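Subject: A structure to look through, with notes

Dear colleague,

I am passing on a structure for you to open alongside this email. Please look through it at your own pace, and then read the notes that follow.

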Amino acid sequence: MPKRQKEKQYQSAREHRANQSLRSNSSTLASSSATRPLPFDCCALTLTPYTTPTCTTDGILFENTAITPFLLKHKSDPVTGRPMTTRDLITLHMDRDESTKRWQCSVLNKPFTDRTKVVAIRQRPERREANVYSYEAYNELNVKPKNYVDLISGQKFNKDEDVIVLQDPEDEKLAKLRDIQNFVHIREERSKWSANGDGGVSNSDGSSGNVRHSVTASRIMEKLGKEKRKRELAAEEESKKLFKASGSSSNNDVNKNDGDEFSKKKSATENFFTQQPIYTDELVTSVQLTSGKASGSLTSTTLNITRENKARPATKEEIISSQCEVLKRLKKKGMVRIFTNLGAMDIEVHCDIVPRTAMNFLLLADGKEYEGSKFHRSIPNFMIQGGKKPGAGKKKTKSTTYGNNATARNEKEDISGGSYWGAPFHDEFDDRLTHTGPGIVSMANSGPGTNARQFFITYKSASHLDRKHSVFGKVVGGMEILKKMERIPTDKLTDRPLEEIRIEEMVILENPVMEALESERERILKKKEEKRVKDRTLKSSALG
């Protein structure tokens with residue numbers, strides 16, 4: 001292999017003439033704007049980059065793992081529609097730059113672009129494999145010296161039978177063959193879509209059939225479709241349970257007992273963290289912060305002598321931080337369905353990324369704190385804000401801004417109403433969560449560290465709010481309801497919707513918060529029992 005050369009910082013006369021012809025539209029291919037040529041590094045079947053390339057005698061490239069099962073099933077060329085089998089495929093040996101991951105000529109080490117003329121030379125005697133070179137190397141080292149020997153293998157070849165042109169921007173016939181719009185499998189799919197009406201076909205995953213997805217995207221859409229159907233089934237089951245709860249008296253008794261049992265377990269979990277002391281060494285962080293009595297008794301004559309460094313009781317903030325850490329480690333998403341007077345929306349809550357903000361929202365929703373509240377502020381092409389405690393009055397006049405938003409106005413705002421814990425809590429920012437696109441659910445605030453209960457949902461991207469407001473969710477269902485909210489006219493001075501938009505109910509479909517709290521409660525109880533056993537062992541050993 002020749003030594004790899006550095007990239008030139010100038011154009012040769014040949015390259016300059018080629019670029020000049022492109023700028024002047026001298027070639028028939030450049031003058032045609034209706035064609036959609038397939039990129040050189042993409043498979044003609046999946047339309048995605050290939051990793052194990054193969055080709056046909058026509059010079060059309062495929063991904064081997066995609067074309068083989070297609071031929072076994074259909075036995076026809078997906079591009080031309082002619083009969084074809086796996087024996088007609090030619091395996092290509094092509095060099096790849098490991099640093100840039102681009103295919104290149106194995107002789108000149110120049111990367112292949114969509115304007116490079118590329119040839120493949122078949123290897124005898126079977127002729128089912130071929131080495132790939134740029135036409136420049138083939139022309140200079142084989143054609144001009146009339147030395148028709150493969151540049152790598154050293155085998156002789158026939159220039160008329162063994163040379164396949166894979167790409168030639170000046171060849172109108174090959175360009176037409178490589179035009180995506182002329183592919184047979186693309187035309188057949190389009191005919192199916194047109195046969196199913198203007199809206200296209202509806203796939204089983206709920207996605208629109210008038211968009212052709214790649215293999216990876218199809219799998220993702222299928223997975224999302226399964227998750228959507230799972231949530232719908234869960235919602236139906238929840239509705240059936242609610243319906244049964246209002247049925248016959250016997251069913252009422254059973255459901256009441258189940259509800260009482262769940263409520264007792266829930267209240268026991270919540271009361272556990274407030275009704276008995278929890279010490280710092282029992283938290284998930286396992287940091288032993290002592291009361292300081294042992295060190296204080298050494299220097300003070302007023303303190304009783306203490307010889308043990310015992311952990312001090314944990315503060316409320318330390319307990320909440322420990323609960324949030326447990327919730328984050330669960331790596332689960334929450335799901336809430338918001339029923340409004342305009343319709344229902346499904347919101348995915350990022351408990352695994354912003355646990356404190358997600359916990360506050362889910363615990364307030366679980367406590368029916370949002371039911372009856374109104375969306376009191378709506379700015380078209382920006383956002384809609386709600387979550388104020390029902391019946392809470394306006395407190396004070398202040399200037400509320402959303403980042404650098406130019407539509408900010410002086411108005412009476414009440415960000416209070418309290419978080420789940422009463423006091424405002426700090427912001428949680430993550431680069432994975434940004435105000436990109438419609439349906440982003442984020443916390444409203446009046447400055448850093450003033451998150452309480454109010455939230456807003458974006459109508460469109462608002463990147464100027466990033467790292468100023470904590471994003472904790474996204475609308476994954478019911479976007480048409482959000483668009484309906486945006487169309488409702490508002491007061492020009494206060495941005496209050498002229499028609500009432502009210503939250504009637506919030507149903508939690510998936511709640512990792514209660515799972516995290518129960519897990520933390522069981523872990524702390526186990527830790528307390530271990531400490532009691534250790535103390536009894538020390539006392540018994542001291543007494544002999």
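The pLDDT of this predicted model averages 80 over the protein, and 74% of the residues score at least 70. Two stretches call for care when you read them: over residues 247-259 the pLDDT is below 50, and beyond near neighbours in sequence this stretch has eight contacts in the model. Over residues 395-416 the pLDDT likewise stays under 50, although the model has 67 contacts for them beyond four places in sequence.

As for the protein as a whole, it has 13 helices and 18 strands, and 38% of its 544 residues count as buried. When contacts are taken between residues at least 6 apart in sequence, 62% of them join residues that are at least 24 apart. The protein exposes about 31,300 Å², of which carbon and sulfur atoms supply 50%.

One helix that I looked at in detail is α11, which covers residues 355-366. Its twelve residues reach 16 Å from the first C-alpha to the last, close to the 16 Å expected at 1.5 Å a residue. How many of the residues of α11 are buried? Eleven of the twelve are, so that the helix is mostly covered, and among the buried ones are Pro355, Arg356, Asn360 and Phe361. In an α-helix there are 3.6 residues a turn, so residues three or four places apart point the same way. Just after α11, Lys368 takes a positive phi of about 60°.

The next topic is the aromatic rings, for which a search of the whole structure finds twelve pairs. One of them is formed by Phe375 and Phe455, which meet edge-to-face, with 6.1 Å from centre to centre and 90° between the planes. This pair links distant parts of the chain, since Phe375 is in the loop between α11 and β11 while Phe455 is in strand β16, 80 residues apart. Phe375 has a relative accessible area of 2% and Phe455 has 0%, and because buried means under 20%, both of these residues count as buried.

Another pair is made by Tyr420 and Trp421, whose ring centres are 6.0 Å apart and whose planes stand at 85°, so this pair is edge-to-face. Are these two residues buried or exposed? Trp421 is buried, with a relative accessible area of 14%, whereas Tyr420, at 35%, counts as partly exposed.

Ring pairs also link Phe361, Tyr370, Phe375, Phe455 and Phe472 into a cluster. Phe361, as noted above, is one of the buried residues of α11, and Tyr370 has a further partner, because Arg453 lies over the face of its ring at 5.2 Å from the ring centre. A charge over a ring is found elsewhere as well, where the charged end of Lys117 sits over the ring of Tyr135, 3.8 Å from its centre.

Finally, please look at Leu465, which lies in the loop between β16 and β17. Leu465 is buried, with a relative accessible area of 0%, and its C-alpha atom is separated by 6.7 Å from that of His435, although the two residues are 30 residues apart along the chain.

With best wishes

Notes
Residues numbered from 1 in each chain as written. Predicted model: local features only at pLDDT ≥ 70, side-chain atom pairs only at ≥ 80, totals over all residues. Heavy atoms only, no water. Helix = DSSP H or I, 4+ residues; strand = E, 2+ residues; numbered from the N terminus. Expected span 1.5 Å × (residues − 1). Buried < 20%, exposed > 50% of the residue type's maximum accessible area, 1.4 Å probe, protein only. Contact = heavy atoms within 4.5 Å. Areas by Shrake-Rupley, 256 points an atom, 1.4 Å probe, with all protein chains shown as cover. Phe/Tyr/Trp six-rings, centres within 6.5 Å; stacked < 30°, edge-to-face > 60°. Lys NZ or Arg CZ within 6 Å of the ring centre and 35° of its normal. pLDDT = per-residue confidence, 0-100.
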